[in-house]
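Here are some short exercises to work through with the model open beside you. Try each task before you read its solution.

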Amino acid sequence: MMSNHSSATEFCLLGFPGSQELHHILFAVFFLFYSVTIMGNTIIVVIICVDKHLHSPMYFFLGHLSALEMLTTSIVVPVMLWGLLLPGMQTISLAACVAQLFLFLYLALGTTEFALVGAMAVDRYMAVCNPLRYNTIMNSQTCISVVIGSWMFGFLSEIWPVYATFQFTFCRSNVLDHFFCERGQLLKLSCDDTLFTEFILFLMAVFIIIGSLAPTIVSYTYIISTILKIPTASGRRKAFSTCASHFTFVIIGYGSCLFLYVKPKQTQAAEYNKIVSLLISVLTPFLNPFIFTLRNDKVQEALQDGVKRSCQLLKD
């Protein structure tokens, strides 16, 4: 416990409960997930840059989404892995805690990822419902503007929430029951009244998530309606296959964030927050390469061509 008139200058992360042997097992599991995440998303980015067949708006957005997933998991997982190897509690400075929370909210839970996902939904709507106008509307200038806007708006939208969080005095304790600087656990340590700030953060989360989810819902409503009008089963299957991977990612990504941050009370149970945070920072980035490769014929073809070219170069 700390003095009633002092605020924490560093925090201790409790991380995961259990013995050191269990921590070593968790380290091996999460390190495997992290390695596959980085390699898988890197492969997607490289293939999109190299293969001319993937130089289209959908894959342009996918490349940025994959880069975003690598950054998201790299903000949380290395710190978490280091904590699993330490025999005691892990400490993190106030400045590092501010930076980690801001980057996590900006990349994983800010408007950046949601705006990219929404742009991909609109792109699929144009491809399925308005194919003749697709190249005119979804041109390179439009795509670049959307991506720049997504990164900038995501950055600006999280400045106040992080600033407001660290304006409180953390005098109850400096021990965070989490594996990174999570906002709900930080607010628990405050000896100030956080109710109003939590309500404003709730409204902002609703606005950001629901606001970015709206074009996705509208786009898929039109897409499904258009697909159902296709007379042949093979045609419907082909049209749906172009959207299936993105739709799967939408369900996983939005579902996790809705559970974690769209709630009036930010200071929820630590175990609940840990599980949902793992979904966002570990599982979703890990699944991203599989979702967008196993169900995407063009990416699979590009991968096969890349492997063939690599084998040919090795033989030569």
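A patch here is made of residues with over 30% relative accessible area and no salt bridge, where like charges are joined within 9 Å and nonpolar side chains (Val, Leu, Ile, Met, Phe, Trp, Tyr) within 5 Å. A salt bridge is a side-chain nitrogen of Lys or Arg within 4 Å of a carboxyl oxygen of Asp or Glu. Accessible areas come from the Shrake-Rupley method with a 1.4 Å probe, and for residues only the protein chains shown count as cover. The model is predicted: local features need pLDDT of at least 70, side-chain atom pairs count only at pLDDT 80 or more, and totals for chains, interfaces and linings use all residues. Residues are numbered from 1 along each chain as its sequence is written, and side-chain values use heavy atoms, leaving out hydrogens and water.

**Exercise 1.** Find the nonpolar patch on the surface and say which helix gives the most to it.

*Solution.* Start with the members: Ile144, Ile148, Met152, Phe155, Leu156 and Ile159, with about 550 Å² of accessible area together. Next, look at helix α6 (residues 140-157; helices are DSSP runs of H or I, at least four residues, numbered from the N terminus). This helix gives the most, with five residues. Phe155 sits in helix α6 and counts as partly exposed because its relative accessibility is 34%, between the limits for buried (under 20%) and exposed (over 50%).

**Exercise 2.** Is Glu69 buried or exposed, and what does it touch?

*Solution.* First, place Glu69 in helix α2 (residues 57-85). Its relative accessibility is 1%, so Glu69 is buried. Then list its contacts (heavy atoms within 4.5 Å): beyond four places in sequence, Glu69 touches Asn41, Glu113, Phe249, Thr284, Pro285 and Asn288. Finally, check Pro285: it is 216 residues away along the chain, yet the two C-alpha atoms are separated by 5.1 Å.

Methods
Helix = DSSP H or I, 4+ residues; strand = E, 2+ residues; numbered from the N terminus. Buried < 20%, exposed > 50% of the residue type's maximum accessible area, 1.4 Å probe, protein only.
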